[in-house]
Amino acid sequence: MLGTGTEPRRQGHGNQRLRAIILAVVSVVLLGGVPVFFGLQAANRDPVFASLDELDVPTWAAAQPVDDVSGSRWCLLDCRLRERTVNSDRSPEETAPVYEAALREDGWQPWTPNYCPEQEEKGSYTCWRRDELTLDLWVRAPACVPPPVDGEPAVVPSPDPDTAAEECAGSLVSVKVRNAIDDERTRPQPSTDPSLTGVDPYPTLEEDPLGELTPSPPS
């Protein structure tokens with residue numbers, strides 16, 4: 001009788017010990033695994049985009065951000081190129097100074113290299129440098145051409161001017177960040193744009209190195 005009474009108690013103590021171990025394992029996973037997960041996720045976040053997130057610009061100047069990245073963070077074959085496009089509710093004349101002030105506050109310095117921009121662009125286009133990075137800021141009016149309908153080619157309509165002004169209000173902001181070592185504008189530049197002058201692959205010699213040919217005697 002004593003043996004049959006003690007056996008259920010031992011099984012009950014064993015089940016309680018197993019539950020305690022399971023609860024301890026679950027607690028360790030929740031307390032340790034979740035922070036590790038978010039830590040890894042934060043580590044994979046490009047620090048340049050995180051820095052752009054912290055720019056002190058009002059919400060009306062940073063709506064609907066779209067990020068794009070290409071290249072390698074360690075500059076394998078191609079260095080990393082980060083691009084961000086956002087919409088602003090106000091005109092380029094109001095938006096550009098806001099971004100320029102925010103960049104200065106974040107430690108960026110104005111930079112005026114050749115080919116900034118590479119070709120004439122509408123709106124405000126400025127270049128900046130900070131540490132090992134370069135940044136291009138382009139603020140311009142939005143493109144207000146509607147997409148094609150039912151596969152037909154896009155045709156620029158002629159709507160009422162008042163309606164068009166409402167639909168095309170605001171501005172478009174593009175930010176491009178590159179590694180300085182991968183930005184050709186940080187290197188010595190030619191005196192003229194090679195694309196305008198070109199290089200003659202067959203230069204004309206002023207003097208013939210072979211001299212004048214001697215005619216062969218008649219046979």
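The largest pocket in this predicted model has a volume of about 260 Å³. Its lining consists of 15 residues, and those closest to the pocket centre are E121, Y125, D136, W138 and K176. Three elements give two or more residues each to this lining: β2 (81-88), β5 and β6 (171-179). Strand β6 has the largest share, with 4 residues. Sorted by class, the lining of the largest pocket holds 8 charged, 3 polar and 4 nonpolar residues.

The second largest pocket has a volume of about 190 Å³. Its lining is made up of L52, D53, L55, V57, A62, P65, R84, V86, Y99, V173 and V175. Here at least two residues come from each of α2 (47-53), β2 and β6. In this second lining, 9 residues are nonpolar and 2 are charged, with no polar residue. Strands β2 and β6 are thus named for both pockets: they appear among the contributors to the largest and among those to the second largest.

Strand β6 also contains S171. Is S171 buried or exposed? The relative accessible area of S171 is 3%, under the 20% limit, and therefore S171 is buried. What does S171 touch, leaving aside residues up to four places away in sequence? The contacts are with V86, N87, S88, R90, S91, P92, T95, V139, R140 and P142. One of these residues, T95, is also joined to S171 by a polar contact between the side chains, at 3.1 Å. V86, another residue that S171 touches, is part of the lining of the second largest pocket.

The next feature is a covalent link. A search of the whole structure finds 1 disulfide, and this bond joins C116 to C127 with an S to S distance of 1.8 Å. The two cysteines are 11 residues apart and link distant parts of the chain: C116 is in the loop between β3 (109-111) and β4 (124-130), while C127 is in strand β4. What is the handedness of the disulfide? The torsion about the S-S bond is about 110°, so the disulfide is right-handed.

The two ends of the bond are placed in separate accessibility classes. C116 has a relative accessible area of 23%, which lies between the limits of 20% and 50%, so C116 is partly exposed. C127, at 2%, falls under the 20% limit and therefore counts as buried. The loop that holds C116 has a further feature in its backbone: the peptide bond from C116 to P117 is cis, with omega near 0°. P117 lies in the loop between β3 and β4.

Two residues have a backbone phi that is positive although neither is a glycine. Q64 has a phi of about 55°, and for D131 the value is near 55°. Where do they lie? Q64 is in strand β1 (residues 63-70), whereas D131 is in the loop between β4 and β5 (133-140). Q64 has a relative accessibility of 60%, over the 50% limit, so Q64 counts as exposed. D131 is exposed for a like reason, because its relative accessible area of 67% is over 50%.

Notes. Residues numbered from 1 in each chain as written. Predicted model: local features only at pLDDT ≥ 70, side-chain atom pairs only at ≥ 80, totals over all residues. Heavy atoms only, no water. Disulfide = S-S within 2.5 Å. Buried < 20%, exposed > 50% of the residue type's maximum accessible area, 1.4 Å probe, protein only. 1 Å grid on protein atoms, 1.4 Å probe; cavity = no way out; pocket = protein on both sides within 12 Å on 5 of 7 lines; lining within 4 Å. Points joined across faces, edges and corners; volume = space filled by probe spheres on them. Nonpolar A, V, L, I, M, F, W, Y, C, P; charged D, E, K, R; others polar. Polar contact = N/O pair within 3.5 Å; in protein donor to acceptor, adjacent residues only side chain to side chain. Contact = heavy atoms within 4.5 Å.
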